[in-house]
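Colleague: I'm new to this one. Can you put it up on screen and walk me through it?

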Amino acid sequence: GESSIVEFKDGVIKNSKIGIATKDSSTMLINKIDIENVELCLAAYRKKQEFTGALIDIDKYNCKNYTENFYVSMDSQLRLKNEF
């Protein structure tokens, strides 16, 4: 939901339309994520006008076999530290 904070330790996402999407004042904190065979790897955006943008913060990530890498709206943030 809106204004959520999610902490994600270690995961794999395969064969999906979107790997990770966060919106509307929400925050996603990820330690390690491996994303494969997706249309869009990561998306951070504002959908509803009454909220601010979103934040995705990832320590270690890998995204392979994708159509589009990232989508980040002007009022959102994507912090990527290390690719593996």
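Colleague: Let me start with a single residue: is serine 25 buried, partly exposed or exposed?

Modeller: Serine 25 counts as partly exposed, at 23% relative accessibility. Buried means under 20% relative accessible area, exposed over 50%, and partly exposed in between, with a 1.4 Å probe and protein chains only. Before we go on: this is a predicted model, where local features need pLDDT of at least 70, side-chain atom pairs count only at pLDDT 80 or more, and totals for chains, interfaces and linings use all residues. Residues are numbered from 1 along each chain as its sequence is written, and side-chain values use heavy atoms, with hydrogens and water left out.

Colleague: Thanks. Where does serine 25 lie?

Modeller: In the loop between strand 1 and strand 2. Strands here are DSSP runs (E, at least two residues), numbered from the N terminus. The phi of serine 25 is near 65°, a positive value in a residue other than glycine.

Colleague: And what about the phi of asparagine 15?

Modeller: Asparagine 15 has a positive phi of about 55°, although it is not a glycine. Asparagine 15 sits in strand 1 and is exposed, with a relative accessible area of 61%.

Colleague: OK, new topic. What order do the strands of the sheet have?

Modeller: The order is 1-2-3-4, in an open sheet of 4 strands with parallel pairing. Strands 1 and 4 stand at the edges with a single partner strand each, so one side of each has no neighbour in the sheet. On average, neighbouring strands of this sheet are turned by 30° against each other, direction ignored (axes are lines fitted to C-alpha atoms).

Colleague: How many bridges join strand 2 to strand 3?

Modeller: There are 14 of them, and the two strands run parallel. Two strands pair if DSSP finds at least two bridges between them. As one example, glutamate 36 has lysine 64 in strand 3 as its bridge partner.

Colleague: Which residues have the most contacts inside the largest nonpolar core?

Modeller: Ile20, Ile30, Ile33, Ile35, Leu42, Ile56 and Ile58, in a core of 15 residues. A nonpolar core is a set of buried Ala, Val, Leu, Ile, Met, Phe, Trp, Tyr and Cys residues joined through side-chain atoms within 4.5 Å. Strand 1 (5-23), strand 2 (27-45) and strand 3 (55-72) each give two or more residues to this core, and strand 2 gives the most, with 8 residues.

Colleague: What is isoleucine 56 in contact with?

Modeller: Leaving aside neighbours within four places in sequence, isoleucine 56 contacts Ile20, Thr22, Met28, Leu42, Ala43, Ala44, Gln77, Leu78 and Arg79. Contact means heavy atoms within 4.5 Å.

Colleague: Any aromatics? How many pairs does a search of the whole structure find?

Modeller: Just 1 aromatic pair. Tyrosine 45 and tyrosine 71 form a tilted pair, 6.1 Å centre to centre with 55° between the planes. Rings of Phe, Tyr and Trp (its six-membered ring) pair if their centres lie within 6.5 Å; planes under 30 degrees apart count as stacked, over 60 as edge-to-face and the rest as tilted. Tyrosine 45 lies in strand 2 and tyrosine 71 in strand 3, so the pair ties together parts that are 26 residues apart in sequence.

Colleague: Last one: is serine 76 buried or exposed?

Modeller: Serine 76 counts as buried, at 9% relative accessibility. Serine 76 is in the loop between strand 3 and strand 4 (77-83), and its side chain reaches the backbone nitrogen of alanine 54 at 2.9 Å.

Methods. A polar contact is a pair of N or O atoms within 3.5 Å; within protein, one must be able to donate a hydrogen and the other to accept it, and residues adjacent in sequence count only if both atoms are side-chain atoms. Axes are lines fitted to C-alpha atoms, for helices over the stretch in contact, and angles run from 0 to 180 degrees between N-to-C directions.
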